[in-house]
Amino acid sequence: MKETLINLFKLIAKSGIVTWIFLLLIWQIASLFNTPDFLPGPLNTWNGFLEIVQTGALWEDIAISLQRIAIGWVRGILIAVPLGLLIGQFKTIRWLLEPFINFFRFVPAIGFLTLFLMWFGVGEESKLVLITYATIFPVVINTVAGVASVDPVKYQAAESLGASRLQTFFTVTIPATVPGIFTGIRLGLSSAIISIVSAEMLAANSGLGYLIYTSRLYYRTDWIFTGIIVLGLIGFLADKVLRMLGNHMFRHYGVVNQ
């Protein structure tokens with residue numbers, strides 16, 4: 001019986017439930033010493049959540065933000081993966097492009113928002129370009145690192161079998177780089193979600209970032225907390241699904257329990 005209880009406690013602790021209960025208790029205690037306008041408690045936030053859900057506004061904002069994230073994220077992956085493979089594999093391309101990558105990856109996406117608004121307008125394209133920009137660098141850097149970590153013995157084996165450099169690229173480099181690419185894709189997703197908040201706060205009239213930003217006008221801190229929690233849940237669940245797909249589809253490439 002004692003061993004069963006210990007195993008149950010370990011299972012609960014491993015699931016993270018204890019951590020969330022602890023954080024909710026701290027949040028509730030802290031809210032008792034502040035007004036709901038400054039720090040709403042979990043119950044106040046829940047009531048605010050239900051209020052937005054009943055109007056249907058929350059679901060609309062979630063759908064719009066998810067669409068923007070998905071399009072910008074996929075665009076970024078389609079640009080970054082080939083670019084990272086080329087930079088990692090060919091020295092000439094690396095010499096030409098690596099300085100630009102190392103410079104612009106330190107410039108946050110929000111720094112380009114004004115320029116993107118001027119260049120692409122206030123519509124959807126400026127926000128999608130911003131998300132694409134934020135996605136590219138984590139994917140490129142991890143792809144390049146994946147290429148650099150390929151075991152040289154694999155190249156020697158391919159060459160001994162008469163494979164050309166192009167054949168080696170497709171049969172050795174790309175398969176061996178899949179774990180690094182997958183890690184970059186996961187990091188790119190988090191960058192996409194982070195950037196959507198900035199884009200929607202400053203250049204949108206819909207979405208979760210817009211909800212968080214405009215809630216201050218009505219002193220609805222509970223709505224702000226709702227938007228933040230929903231964004232966190234979207235990122236958490238999206239990463240879980242991505243990991244499950246990766247472990248299932250790319251297990252034979254070494255993508256296991258990432």
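The questions and answers below concern a predicted model, taking its nonpolar core, one serine and a surface patch in turn.

Me: How many residues does the largest nonpolar core have, and which helices each supply at least two of them?
Reply: The residues with the most contacts inside this core are L58, W73, V140 and L208. At least two core residues come from each of α4 (57-89), α6 (113-120), α7 (124-148), α9 (165-202), α10 (208-214) and α11 (221-249). The core as a whole has 47 residues.

Me: Which residues does L208 touch, leaving aside those up to four places away in sequence?
Reply: L208 is among the residues with the most contacts inside the largest nonpolar core. Once residues up to four places away in sequence are set aside, the residues that L208 touches are L58, D61, I62, S65, E200, V230, L231 and I234.

Me: Is S126 buried or exposed, and which backbone oxygen does its side chain reach?
Reply: S126 lies in helix α7 and, beyond four places in sequence, touches F116, L117, F120 and G121. Its relative accessible area is 0%, and because buried means under 20%, S126 counts as buried. At 3.1 Å, the side chain of S126 reaches the backbone oxygen of G123.

Me: Which residues make the nonpolar surface patch of about 660 Å², and is I29 buried, partly exposed or exposed?
Reply: The patch of about 660 Å² is made by I17, I21, L25, I29, L32 and F33, and I29 lies in helix α2, which covers residues 17-31. The relative accessibility of I29 is 48%, and because this value falls between the 20% and 50% limits, I29 counts as partly exposed.

Notes
Residues numbered from 1 in each chain as written. Predicted model: local features only at pLDDT ≥ 70, side-chain atom pairs only at ≥ 80, totals over all residues. Heavy atoms only, no water. Core = buried A, V, L, I, M, F, W, Y, C linked by side-chain atoms within 4.5 Å. Buried < 20%, exposed > 50% of the residue type's maximum accessible area, 1.4 Å probe, protein only. Helix = DSSP H or I, 4+ residues; strand = E, 2+ residues; numbered from the N terminus. Contact = heavy atoms within 4.5 Å. Polar contact = N/O pair within 3.5 Å; in protein donor to acceptor, adjacent residues only side chain to side chain. Patch = residues over 30% accessible without salt bridge, like charges linked within 9 Å, V, L, I, M, F, W, Y side chains within 5 Å. Areas by Shrake-Rupley, 256 points an atom, 1.4 Å probe, with all protein chains shown as cover. Salt bridge = Lys/Arg side-chain N within 4 Å of Asp/Glu carboxyl O.
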